[in-house]
Amino acid sequence: LIELDRAHLIHPVASYRGHEKLGVRVLASAKGATVTDASGKQLVDGFAGLWCVNAGYGHETIIEAATRQMRELPYATTYFGLGSEPAIRLAAALAERAPGDLNHVYFTLGGSDAVDSTIRFIRYYWIARGEPQRDQFISVEQGYHGSSTVGAGLTALPLFHAGFGIPFDWQHKIPSHYIYRNPVGEDPQAIINASLAALRRKVEEIGPERVAAFYAEPIQGSGGVLVPPKGWMKAMRELCRELGILFVADEVITGFGRTGPLFACQDDEIVPDFITTAKGLTSAYVPMGAVFMADHVYQTIADGAGAAAVGHGYTYSAHPVSAAVALEVLKLYEEGLLDNGRKAGARLMAGLESLKEHPLVGDVRGRGMLAAVEMVVDKEKKTPLPAAADPARRVFDRAWENGLIIRAFANGVLGYAPPLCCTDADVDAIVERTRRTLDQTLE
Ligand code: PMP
């Protein structure tokens, strides 16, 4: 398998770099929060795949829901007025649970095309409003909004930009709220004020009548699990309303229990104009994403443009098997999974906090089952680990040997997003194996 993989299977270069010699690690099976590799080695999956297997692996009722739907009706298009019962029921169930008036749902295959879809819908909205010149988009440094060529321009990873002329000239960014390394210091209100001022400045700079929308994650995931100061999302949402621009909350990671509630926006007490989701929606058993759209946006597009003017759609949008899985996963969230995630999340945060004493640990942050440990060489000066030593890959490899899968970001940040079904023993194993890994890294 390793040879075949090397010869034929393309891995994203970024995450594979450094692993070529060793070859791919083939996962063979999984149950709950534990995965088994092809050699029989068992590991606790501290990252739920790629922050997505929220319900844990091998859940029989999810498997049954998928099988039942495959047997009954494996496919129905949403084109030319067709549909399927699970997709319609899912849209209604999600609309009922989404914050405020986010009553309209568009299904995608994942997060990147959910973000792409919002860009399209937002342009249709402004055209329908008679303001077609609003074609400028703003997002946040350290943000991640997918790797499609258009979405990658909202994403703030230079690695995703090289060679494509992206970000495009209509894609702009303001600095992150990154508390641990913020030029204005760690005071929450000072950080919020700086972000508000930065957005105002950016809108002025672009021209207030040109700006279409602002994108933010409730917690920046791929940027290193950067939790904003409490009230940041609310302040930014309100400023967007004042400036008359649309506000998109990208909940591809934070949605579906990752931070506690079904949507992180509920904890932030905001109702955005759009929410994008994916990952936990189906717990990754099958691919699916969902865009939530507010009543006023939907009505404007529908009234203003007419259906003929809205060109958008995917073959696998609202896939019945994905929808049947999402309906079952939604039931699991409400029948105990969210509660267990909250409990396990508190234990995880307490456990990781206890690592703060470790000489290598500069910062511990997170909310619910989404956390990070930032390693530093010098705690006082917050000196990052030298990139040349490739600390991320070394830590990932050591953690693997210790029976733990975590995400090791290039800047020395260790990311945690375990399945919400974790037992106390799973959580304790994640913390203890991290401690062992950090000790070995120090040696
Ligand atoms: N938005 C956010 C906030 C994400 O974290 C991700 C993926 N990590 C995406 C969008 C893109 O999702 P996908 O990989 O499913 O295309």
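Here are legends for four close-up views of this predicted model.

**View 1. Two domains, side by side in one chain.** Domain 1 is built from two stretches, 2–58 and 336–442, and domain 2 covers 62–332. Their C-alpha centres sit 26 Å apart. Where they meet, 29 residues of domain 1 are in contact with 23 residues of domain 2. On the domain 1 side, helix 11 (320–353) chips in the largest share, five residues. Other elements supplying at least two residues there include helix 3 (48–51) and strand 12 (370–378). By class, that side of domain 1 splits into 15 nonpolar, eight polar and six charged residues.

**View 2. Around the ligand.** The shell counts 14 residues, and Gly110, Gly111, Ser112, Gly146 and Val252 come nearest. Helix 6 (residues 111–128) gives the most, three residues. Sorted by class, the shell has seven polar, five nonpolar and two charged residues.

**View 3. The seven-stranded sheet.** This one is open and mixed, with strand order 4-10-9-8-7-5-6. Strand 4 (104–108) and strand 6 (171–174) each have a single partner strand, so one side of each has no neighbour in the sheet. Ignoring direction, neighbouring strands are turned by 20° against each other on average. Helix 6 packs on the sheet and touches several strands, among them strand 5 (136–140) and strand 9 (274–277). Its direction makes about 25° with that of strand 10 (289–293).

**View 4. Strands 7 and 8, with a helix across them.** Strand 7 (residues 211–216) and strand 8 (residues 246–250) run parallel, joined by four bridges. Look for Tyr215, which stands opposite Val248 in strand 8. Helix 8 (residues 232–243) lies across both strands, running at about 175° to strand 7.

How values were computed. Residues are numbered from 1 along each chain as its sequence is written. This is a predicted model: local features need pLDDT of at least 70, side-chain atom pairs count only at pLDDT 80 or more; totals for chains, interfaces and linings use all residues. Domain bounds come from an automatic or database domain assignment. Two residues are in contact if their C-beta atoms, placed from the backbone, lie within 7 Å. Ala, Val, Leu, Ile, Met, Phe, Trp, Tyr, Cys and Pro count as nonpolar, Asp, Glu, Lys and Arg as charged, and the others, Gly among them, as polar. A residue is near a molecule or strand if its C-beta atom, placed from the backbone, lies within 6 Å of it. Two strands pair if DSSP finds at least two bridges between them. Axes are lines fitted to C-alpha atoms, for helices over the stretch in contact, and angles run from 0 to 180 degrees between N-to-C directions.
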